[in-house]
Amino acid sequence: MTARGSENAVLSAIQQQLRQSDREFVPLPDTPTRTISSDDIVGLFAAQVELVDAQCVIVQNVDEARKQVVALCNSGDVRKMCRSDGEIVHEVVKDMPTNVTVVDAVEDREQLFVADAGITEAQWGIAETGTLVLASGAERHRLTSLVPPIHIALVPASRIVATMPSVLNQLTGSDGRHQAVTFITGPSRTADIELTLVVGVHGPKELHVIVLRDI
Amino acid sequence: MGPSNYAPRVSLFVTCLVDQIRPSVGVATVQLLRRLGCDIQFNPKQTCCGQPGFTSGHWDDARAVAQHTIEVLEADRSDWIVIPSGSCGAMFHHYEKLFADDPGWLRRAKTIVKKTRELSAFLVDVLEIHDVGARFDGRLTWHDACHGLRDLGIHEQPRKLIRKIAGAEFVETDKCDTCCGFGGVFAINYPDISTSMADVKLDIIDSVGVDVVVSGDVGCLMQLETRARHRKLPVRTMHLAELLSVST
Amino acid sequence: MKHPTSETFPQNVQEALGDTTLRRALSTVSATFSQRRRDAVNDVPEWETLRDHAHAVKEHTLSRLDEYLQAFAVKAEAAGAHMHWASTAEEARGIITDLIKPLGNVGVVKSKSMTTEEIHLNAELETHGIEPVETDLGEWIIQLADEPPSHIIAPAIHKTKRQVSELFEQQLGIEPTDDEERLTAAAREHLRDVFARAKVGISGVNFAIAETGSIVIIENEGNARLTTSLPDMHIAVMGIEKVIPRLRDLDVFLRILPRSGTGQALTSYQSIITGPERGDRIGPRSLHIVVLDNGRSKMLREHATREALACIRCGACLNACPVYQQIGGHAYGAVYAGPIGSVITPQIDGFRVARHLPFASSLCGACRDVCPVKIDIPNALIHLRKHIVSHGQPAPIVSPVRAKTTFRAWRWSMTSDLRYRMVIAFARFAQRMGVTTLLGPSRKWGHRRSVPRIAKKDFRQIWASELADDREHQTK
C-alpha cells in the first residue's frame, strides 16, 4: 500500500464521520497575550531558574561570565568542555585555563559522550517559568546542551521575555528556520522509581545559567 | 417567595430507595418541611426516577419510566418538587439527554426540572433557612454524595444546615468527597470493587471516631451501613432529613 | 509473560484486589499525584478559564479535523518530513517496519509513547529481528521485566525500588541497592551506550501544529531529546487527534498538561521539531511522521465520544478515580487504563473485547472534575453503555438477554404504581421467607455487605396511614 493511498483512507474516514456528526462549529478562541506584574524580569527569571533545581548568576559582561565558567569548571571538576558555535560562547571560552580542554563538539559526538560539560547560549529566556529556549537554526547546540552531565547556558538579559506566548509568536514568524526548538526548565529529572525525584537521568544533571546584563 | 403567610406547595418525590429501604427519611422530610411551613403533596402513583435504566444503557426503558414520573409530578401542580436525594435529583437533569430527540417531552421534562430541588438546596437556596431548629447530641461527619456534589453543586448547603444543629459536633473527614462505591447498578455489577471503595471511606470515618456519618442519599448510606455492619464497625448512618427533623 | 486483556476484566479485578502490594503502591501514587496536581492548580487563579480555553481549542479543531490534518501534512512535508497514514494498527506497524528493516541490524531507541504501545509496535519489530529499547526509565524497567505499564505517567509505579534493584541485579549485574539515585545512574550508564549506537529513534507526539507542520514532545528525563536528536532517522507516531491549529495555541496546553500530570509548572523539556535537520545542522537527517486512526475517527460522530478525543494524556483522571485506586492499571487489560481508557479502549480494541470497561465505573464524576480539557467522562461512559446495549453486545456479568429482560421487567413495574406495589410486595415476602435467590441483586450485594431489608411498611403506606391525615388537620 502506498502512503498516499492511506492518506485518502484516513482523511475520508474522518470526513465521513464528521459529515454525519452532530458537530458544532465553535470558533477558535483567541490566545490572550499574557503579562506578569514584575518590573524586574531578569530578577524573576533568575529566581525561577533557582526554583527548578538549577543555578543562576547574573553578571555584567563576557569577562565576568568567563570567571563564572572557570569557577564552575573548578568546582565541578570539569576537564573537558564541549562548546556550541554560538558567538558569545566563543567569546566566553577563549583563554580558558590550561586544565580545561575546550572542544568544538559540533562535528564530533564521540567527544560529547566523554565531555564533563557543555556550554551553549539560549535564544530566549522565559521569566515566568525560568525556562531556556534553544533554537537550532540560530546555534548548533542541540547535543551540546543535552549529552554532557553539566550544561552551562549563557543568556543575554536582552533575550529574556516575560512569558511563553512572546516566544511562540516570534517562532511562528521564523518560518521554519529552526528545525528543533527546545524549551529547558531545570535539569533532567525522573520520579519513575517510587515517585522519588532524582535529578539527572538522561539529560544534564546540573544546569548553570549565566545571565549577561550588558548584552 | 410571596407573602409570608403563603405556604409553598411542595411535592415530595420520595425515591424508590427511601420508599422501600429507609421510609423514615421520607417521614423525616415531611415532618421537617411541614415544620418550616410547607404544604406537602405526595402522589402515591410515583415510582422511580429512571436512573438504573439510564446508567445501564437501557434508554428506551428509562424513557418510559421517566415519562411516568413526569406525568405523576405534573398532576400535583406544585410550586416545588423536593427530593431527599442528590442522585435522583441529578437524574431529572439527565432527562434532557433522554428526550433530546422528542421536543414535546423535552419541554415537559424541563418544566419539571426547573422546580425540582434536592432537599438541602431547597432549604438553603429556596427557603433561605440555615437553622431549622434541630438538635443532635454527638459527633458527626458529612459524606458528599457524588451526584449531589458534582452534578448539582451541593457542597455548602448541607454544611450550613449541620453547623446550626444544637449539640452537634461536626468534623470534616479526609476524602469526604470521594465516592463510597455505591454507584447504583455498579454496586451489583462489581460488588468487590464497590466494597473495597466503601472500606476506604469507612476506615477514615472509623479512625476519626464519629457517632454518625450523615449524607444526602440513601444509596450511599445503605452502602456504608451494610458494609459497616458486616465489619462490625460502630458507626451509624443518618440521612440529613433524619438529622434535621429532630427538633429541640 | 501473558498480559491480561480487557475481555477478562472481572477476573483481572479479583487478582488486582487480592494484590496488597499493588494496592498499597496505588494508593500512594494516586494520593501523591493528586496532591501535587491540587497544589499546582491552586497556583493558577485562572485555572477554570484555562480549562475552558483548552476545551474550546480542541472542540474547534476536532470539528474540522480533516482540514487541520491536511494543513499539518502540507507544512510538515514542506519542512522535509515524510508523512505516512495508517487507518489501522496493522498498517502503522507495517509502515514502521518497512522503514527500519532495510537499514539492516541497527539500534532502535524509543521514547515513551502510548500510541506505539497501542499498536503493539515492539512485539512486531521483534518478530523482524529488530529490538527497540525503551529509554524512559519507567518504560525501560517494565521492558526489562516484561510487564505492561500500570500508569500513564509512571509506568513502573507498581514496582518497589527493591524489585527494581533485583531486576537490575539480574539483568545488568549491578550491586543491590535501595538508593533511587544509584538505580537511576545505572540506567543512565547502560542506556548511554544504547543511545550512542542507535540509528533510529521512535517517539510519540504530544501536539502537532497545523500552522507550522511541527510536532511537540514533552518530557522530563531527556530521553526523548536524545531519541529525537542522536539517531539518523526519527519516526514519530501520532494519533489523528493530536493536531492543534497554531503554535501560539500551545501556550494553554503547556500550562495545563504538566500541572495535571505531574504537578509541575512545566516539565524539564519541550521539543518543537519541524522537519529533519539540514545542511550543517546537527540532528536526524530524516523525519517520518505516522498518523494513526485506529478507531479514533469513529469517535468523531457523536459529541459524547468526540469530546474524549480532546484527551491530552495527563493521567489526572486515573489518579482521581476511586475505582482505579482500587484495581490499578493492569486490571483494565488495555494500554489506556482508568476512566478515559474505558472510553478509548472500546473504540480501539472493539466493543466485544472491551465491553466491561464502560460499566466499570460508579459514575462519581471525580475524573470530570480534574480533567484539564473538561471531558465529560461519565457522560461518555453512559453513552457507550447505551451503545453496547443497543448493539446487543454482552453486557457485563449478566447475559444480554437477561439484562434486556431485567430492564423490561423493571420498566413494567415502574410505569404503574399498582404493578410497583405488587412487585415490592412479592419481593418483601420473598425476602421474609429467605428466598434471596429470587432476588438476584441482593445475592450479588450480600457477600461482604449485609443485605438491606425491604421495610415492613413502605413510605407510601406510612403516608396513607399516618401522614396524609396530618395535612388534613394542618389545612383545616
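Q: How many residues does each of chain A and chain C give to the contact?
A: Let's start with the head count in this predicted model. Heavy atoms within 4.5 Å count as a contact. On that basis the contact takes 78 residues from chain A and 96 residues from chain C.

Q: What area is buried between chain A and chain C?
A: The size of an interface is often given as the accessible area lost when the parts come together. Here carbon and sulfur atoms give 57% of that area. The total buried between chain A and chain C is about 7500 Å².

Q: Which residue of chain A meets Glu181(C) in a salt bridge?
A: The count between chain A and chain C is 5 salt bridges. For the pair with Glu181(C), the N to O distance is 3.6 Å, and the cut-off is 4 Å, so the pair qualifies. The partner is Lys205(A).

Q: Which element gives the most to the side of chain A that touches chain C?
A: Elements that give two or more residues to this side include α5 (109-114), α6 (164-173) and β9 (180-184) of chain A. By class, the side has 36 nonpolar, 25 polar and 17 charged residues. The top contributor, with 12 residues, is α1(A).

Q: What is the bridge partner of Val181(A) in β9(C)?
A: Happily, there is strand pairing to look at here: β9(A) and β9(C), residues 269-273 of chain C, run antiparallel. The two strands are joined by 5 bridges. In β9(C), Val181(A) has as its bridge partner Ile272(C).

Conventions: Residues numbered from 1 in each chain as written. Chains lettered and ligands numbered in written order. Predicted model: local features only at pLDDT ≥ 70, side-chain atom pairs only at ≥ 80, totals over all residues. Heavy atoms only, no water. Buried area = accessible area lost by both parts, 1.4 Å probe. Salt bridge = Lys/Arg side-chain N within 4 Å of Asp/Glu carboxyl O. Helix = DSSP H or I, 4+ residues; strand = E, 2+ residues; numbered from the N terminus. Nonpolar A, V, L, I, M, F, W, Y, C, P; charged D, E, K, R; others polar. Pairing = 2+ DSSP bridges.
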